[in-house]
Amino acid sequence: MILKKRLLMIGCCIAFVILLVLTYSLHKEKRMYEQYLTMNVRQDMVDMKSAIINNDILFNRILKNEIITNEMVEDGEQASQLYYNFTDMTQIIDKYNLMNLSFSEEANWLVKPAALYTNDLGQDDILPPTLHRMRMTFERLDITSYPVKAELKARIEEYQQLNHRWLNIVGDFESKEINENDWPQILNDLEQVTRAYFSEKKVNFVDDDVWRDALNPRYKLIIMSVIDV
């Protein structure tokens with residue numbers, strides 16, 4: 001009887017030690033993962049802010065000169081810069097949407113993710129398709145300059161208005177420093193101001209084909225050439 005009690009105590013102690021080691025190992029892995037994420041979050045914050053600030057500068061130049069300069073000259077390659085800015089922003093948003101989905105499916109009580117890396121973004125958000133539509137306007141423009149006619153100018157002015165709302169959230173490099181703890185709220189705010197913009201403009205983003213038309217000048221020229229033929 002005494003031997004059984006001792007064996008039971010030894011077994012309990014071994015089980016407790018195993019559980020303790022497992023918990024510590026998972027906690028350490030979680031901390032290392034969070035440190036890795038923190039470094040990535042900081043870089044993503046810089047990249048997102050840089051893209052939005054650069055968009056504002058490029059929109060101002062295009063609207064002022066009424067031309068999209070995509071040549072390799074000073075203040076040139078504007079379409080390429082905007083295209084890659086919107087691509088970077090889309091990839092950042094998609095990464096955190098995927099991260100949220102992964103956390104929600106795989107997290108358990110031992111490795112529950114810190115709130116720092118979770119947010120309310122989801123599959124029904126309109127920010128990612130908005131960025132995709134904006135990107136398409138400047139997609140595959142040849143190394144040349146494209147005149148900004150009335151319809152395209154009105155569209156770019158809309159892009160500028162929306163981008164300016166994003167700029168008010170992230171701020172410029174001198175006036176506002178973003179802490180990684182603010183990152184989930186910032187992503188959510190970007191989505192909400194995008195929704196508010198379309199609501200104020202009375203645009204149904206899903207059904208309004210006029211707004212969804214990218215107005216890419218390259219394809220406009222191709223269509224006009226086909227019509228002429």
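Here a colleague asks a modeller how some descriptions of this predicted model are reached.

Colleague: Welcome me in gently. How many helices and strands does the protein chain have, and in what pattern?

Modeller: Happy to! The protein chain has seven helices and two strands. Along the sequence they follow the pattern α-β-α-α-β-α-α-α-α. Of the 229 residues, 38% count as buried.

Colleague: What makes helix 3 oblique to helix 4?

Modeller: Helix 3 (residues 127-137) and helix 4 (residues 150-170) pack at an angle of about 140°, and their axes are 12 Å apart. Angles over 145 degrees count as roughly antiparallel, and 65 to 115 as roughly perpendicular. An angle of about 140° falls in neither range, so helix 3 is oblique to helix 4. The crossing of helix 3 past helix 4 is left-handed.

Colleague: Which residues of helix 3 and helix 4 make the contact?

Modeller: From helix 3 come Leu127, Thr130, Leu131, Arg133, Met134 and Thr137, while helix 4 brings Leu152, Tyr159, Leu162 and Trp166. By kind, the residues of this contact are seven nonpolar, two polar and one charged.

Colleague: Why is helix 3 called mostly covered?

Modeller: Eight of the 11 residues in helix 3 are buried, and buried means under 20% relative accessible area. Among the buried ones are Pro128, Leu131 and Arg135.

Colleague: And how does helix 4 pack with helix 5?

Modeller: Helix 4 and helix 5 (residues 183-200) pack at an angle of about 145°, with axes 10 Å apart. Helix 4 passes helix 5 in a right-handed crossing. On the helix 4 side, the contact includes Leu162, Arg165 and Trp166, and on the helix 5 side it includes Leu190, Val193 and Tyr197. The residues of this contact divide into nine nonpolar, two polar and four charged.

Colleague: Now the rings. Why is the pair of Phe59 and Phe138 called tilted?

Modeller: Their ring centres are 6.4 Å apart and their planes stand at 40°. Rings pair if their centres lie within 6.5 Å, planes under 30 degrees apart count as stacked and those over 60 as edge-to-face. An angle of 40° lies in neither of those ranges, so the pair is tilted. Phe59 sits in helix 1 (residues 2-65) and Phe138 in the loop between helix 3 and strand 2 (145-147), 79 residues apart. Both Phe59 and Phe138 are buried.

Colleague: What makes the pair of Phe86 and Phe138 stacked?

Modeller: The angle between their planes is 25°, and stacked applies under 30 degrees. Centre to centre, the rings are 6.5 Å apart. Phe86 belongs to helix 2 (residues 78-106), 52 residues from Phe138. Phe59, Phe86, Phe138 and Tyr159 form one aromatic cluster, and the whole structure has seven aromatic pairs.

Colleague: What is notable about the phi of Glu66?

Modeller: Phi of Glu66 is near 55°, a positive value in a residue other than glycine. Most residues other than glycine have a negative phi. Glu66 is in the loop between helix 1 and strand 1 (67-69). Lys202 likewise is not a glycine and has a positive phi, of about 60°, and its place is the loop between helix 5 and helix 6 (209-212).

Colleague: How do you know whether Glu66 and Lys202 are exposed or partly exposed?

Modeller: Exposed means over 50% relative accessible area, and partly exposed lies between 20% and that. Glu66 has 40%, so Glu66 is partly exposed. Lys202 reaches 74% and therefore counts as exposed.

Conventions:
Residues numbered from 1 in each chain as written. Predicted model: local features only at pLDDT ≥ 70, side-chain atom pairs only at ≥ 80, totals over all residues. Heavy atoms only, no water. Axes fitted to C-alpha atoms, helices over the stretch in contact; angles between N-to-C directions. Helix = DSSP H or I, 4+ residues; strand = E, 2+ residues; numbered from the N terminus. Parallel < 35°, antiparallel > 145°, perpendicular 65-115°, else oblique. Left-handed = near helix turned anticlockwise from the far one by under 90°. Contact = heavy atoms within 4.5 Å. Nonpolar A, V, L, I, M, F, W, Y, C, P; charged D, E, K, R; others polar. Phe/Tyr/Trp six-rings, centres within 6.5 Å; stacked < 30°, edge-to-face > 60°. Buried < 20%, exposed > 50% of the residue type's maximum accessible area, 1.4 Å probe, protein only.
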